[in-house]
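Biologist: Please choose one part of this model and take me through it closely, from one neighbour to the next. I am in my first year, so explain the terms as you go.

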Amino acid sequence: MYIIYGITFLVFYGLGMKIFSADWSKAENLPLLPRTNTSVVIGKYEKGYVYHNFRKFAHMIVAGTTGYGKTNFIKCLISQLDGEIVLIDLKGGFDYKKVTALDIEQSRIELEKVVSKMRQRRQGHIYVIVDEAGELLAPAHLTKKESADYLACQSCISEIARLGRGFHVHLIYATQYPTKDILNGQIKQNAETRVCFRLPTEIASRVALDESGAEELPTGDFGLGIYKKDYKINMKAFEFVERDGWDAKVRNPQRKGSADTFKIK
Ligand SMILES: Nc1ncnc2c1ncn2[C@@H]1O[C@H](COP(=O)(O)OP(=O)(O)OP(=O)(O)O)[C@@H](O)[C@H]1O
Ligand SMILES: [Mg+2]
């Protein structure tokens, strides 16, 4: 008798869990989202939407194997953030309509501007976004002189990570190669929020998340990731759907109530 009860329970529990878990990862169109101050909605989990407030958790590391959704995720962030966006894309610049810096010299100029502005009294938030942080490491064959721009960029990034919180300057640092030189101790200590899509190895997961798990995310499910700060949850990031020139004004996107939408798959 108890065995039958047990089996019935397991079948219903299993079905229930399946329906429940299928629910949060199925396709859905979200309503139009207004630009808010520092809060963004970044995805869905089994109990609802996942929000992130940059005022509370200033910096964010985004990690994941190529093609698993980092750039898409960043576009979703940019379209909601209210403030100055400094977008550094050292991967060719084809992913975004407009970027602030495409090469290492320009990155240095822009990052140094942010650092000098950081301590000034000013209104508003600045979001420094690096899409592919690995590109800020100097290639091995360069001489010390040739590496100067890379080193300058890294020192600006460290300074923003260390001091940015107090000055409303935020770092969003994305990489497909979570290694100890790219995500060094200082950046990791200061960027307590991690968004981690699938990674190839447990070692990579330990660097990006400080624990294993990202290597066990299913293959081929783009945008499915782990969001970790003071707690940790599995989430599905929104798919970015382009509307009317969402990032046309990267440097000063003060477009309240912009008409970008997101789709969850
Ligand atoms: N949240 C998502 N939901 C559904 N599909 C997604 C999602 N995120 C990404 N994708 C799909 O995966 C593709 C690749 O995503 P994306 O360019 O963001 O990857 P990436 O991590 O930036 O890769 P790379 O490291 O090569 O730059 C997208 O064009 C989209 O088709
Ligand atoms: Mg990308």
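Modeller: Let's begin with cover: a residue is buried under 20% relative accessible area, exposed over 50% and partly exposed in between, using a 1.4 Å probe and protein chains only. This is a predicted model, so local features need pLDDT of at least 70 and side-chain atom pairs pLDDT 80 or more, while totals for chains, interfaces and linings use all residues. Residues count from 1 along each chain, chains are lettered from A and ligands numbered from 1 as written, and side-chain values use heavy atoms, without hydrogens or water.

My choice is the surroundings of ligand 1, and helix α2 is a good place to start. Helices (H or I, at least four residues) and strands (E, at least two) are DSSP runs numbered from the N terminus. Helix α2 covers residues 70–80, and 10 of its 11 residues are buried, which leaves the helix mostly covered. K70 and T71 are among those buried residues. Further along the helix, the buried set takes in F73, I74, K75 and C76, and it also includes L77, I78, S79 and Q80.

Now look at what sits beside this helix. Ligand 1 has 15 residues around it (each with a heavy atom within 4 Å). Those that come nearest are T66, G67, K70, T71 and N72. So K70 and T71 belong both to the nearest residues and to the buried part of α2. Helix α2 supplies at least two residues of the shell around ligand 1, and so does strand β10.

Which side chain has an N or O atom 2.7 Å from an oxygen atom of ligand 1? That is K70, the lysine we have just met in α2. K91 offers another such approach, with a side-chain N or O atom 2.9 Å from an oxygen atom of the ligand. With F238, look at the backbone instead: one of its N or O atoms lies 3.3 Å from a nitrogen atom of ligand 1.

Let's follow F238 onwards. This phenylalanine is buried, with a relative accessible area of 1%. Its ring also has a partner, in one of the five aromatic pairs in the structure. (Rings of Phe, Tyr and Trp, its six-membered ring, pair with centres within 6.5 Å; planes under 30 degrees apart are stacked, over 60 edge-to-face, the rest tilted.) The partner of F238 is Y49: the ring centres are 6.2 Å apart and the planes stand at 75 degrees, so this pair is edge-to-face. Y49 belongs to strand β3 (residues 48–53) and F238 to strand β10 (residues 232–241), so the pair ties together parts 189 residues apart in sequence. How covered is Y49, buried or partly exposed? Y49 is partly exposed, at a relative accessible area of 30%.

Another pair takes us to the loop between β3 and β4 (60–63), where F54 lies. F54 pairs edge-to-face with Y127, at 5.4 Å centre to centre and with 75 degrees between the planes. Y127 is in strand β6 (residues 126–131), 73 residues from F54, so to speak of this pair is to speak of a link between distant parts of the chain. Both F54 and Y127 are buried.

Methods: A polar contact is a pair of N or O atoms within 3.5 Å; within protein, one must be able to donate a hydrogen and the other to accept it, and residues adjacent in sequence count only if both atoms are side-chain atoms.
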